[in-house]
Amino acid sequence: MRTCVGCKVKDETDKFIRYVEFEGKPLPDIARKLPGRGFNICPNFNCIKNFVKKRFKNKVSPEEVYEYTVKALKDYFLHLLSLSHKTGVTVIGQDNIKRLGEREGTLILALDLSEKTKKRLMKSSYLIVDNVFTSLEIGNALRKDRTIGAVFVERAGIGRKLREIGEKLQKLINSRR
Ligand SMILES: [Zn+2]
């Protein structure tokens, strides 16, 4: 169990974003591997704001921390998506995704996919990562030389980690919308 520095809520370690201090600024440690004292923060802009005010006042703005945290989460997510694809836990193609039964996993929908198509692919058992990546970014992560509008990742193997990061990324982005 860990406690958020921003709001004092207690939860499982993997629900928080870990930061370490680096050159006077909070550096997001998305993979939770950097040495040194860590700060745990909810994936929420208000918690980032409180955290920065308490620990890094006048050194960095909460908006800047938010921006580079989203960037770090996105990069790590795409890295995990690439690994997931290599280990065979991804499903590509709208028809293939539609044919899946009730399964646990993450559905990634590109920014440029139509709302109608998105609705057809969604299921309640999925974590949905929507409006975060372009179809070009998804295509590149899967090493396809084409754009990909939708990909499903099973909640197995590396797909578990991907879901954990996807959840934090979506929560953090939604907290500013
Ligand atoms: Zn919090």
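Strand E7 (residues 105–109), helix H4 (residues 115–121) and strand E8 (126–130) make a right-handed β-α-β unit. A crossover is called right-handed if, with the strands pointing away from the viewer, the path from the first strand over the helix to the second runs clockwise. Helices (H or I, at least four residues) and strands (E, at least two) are DSSP runs, numbered from the N terminus. The model is predicted: local features need pLDDT of at least 70 and side-chain atom pairs count only at pLDDT 80 or more, whereas totals for chains, interfaces and linings use all residues. Residues are numbered from 1 along each chain as its sequence is written.

E7 and E8 run parallel and are joined by 5 bridges; strands are taken to pair if DSSP finds at least two bridges between them. Ile 108 has Val 129 of E8 as its bridge partner, and Leu 107 stands opposite Ile 128, also in E8. E7 is further joined by 5 bridges to E9, and these two strands run antiparallel. Here Gly 105 stands opposite Glu 154 in E9.

These pairings belong to an open sheet of 4 strands with the order E6-E9-E7-E8 and mixed pairing. Strand E6 (90–92) and strand E8 are the edge strands, each pairing on one side only. From one strand to the next the twist averages 20°.

E7 is mostly covered, with 5 of its 5 residues buried; a residue is buried if 20 or more other C-beta atoms lie within 10 Å of its own, exposed if 12 or fewer, and partly exposed in between, with C-beta atoms placed from the backbone. In a regular strand the side chains alternate between the two faces of the sheet. Gly 105, Leu 107 and Leu 109 point one way from E7, and Thr 106 and Ile 108 point the other way.

Helix H6 (residues 158–174) lies across E7, E8 and strand E9 (150–154), and runs at about 55° to E8. Axes are lines fitted to C-alpha atoms, for helices over the stretch in contact, and angles run from 0 to 180 degrees between N-to-C directions.

The domain assignment, which is automatic or from a database, gives domain 1 (2–57) and domain 2 (73–174). Their C-alpha centres lie 26 Å apart. In domain 1, 6 residues are in contact with 7 residues of domain 2, contact being defined by C-beta atoms, placed from the backbone, that lie within 7 Å. The side of domain 1 that touches domain 2 has 4 nonpolar residues, 1 polar and 1 charged. Ala, Val, Leu, Ile, Met, Phe, Trp, Tyr, Cys and Pro count as nonpolar, Asp, Glu, Lys and Arg as charged, and the others, Gly among them, as polar.

Note on methods: Two residues are in contact if their C-beta atoms, placed from the backbone, lie within 7 Å.
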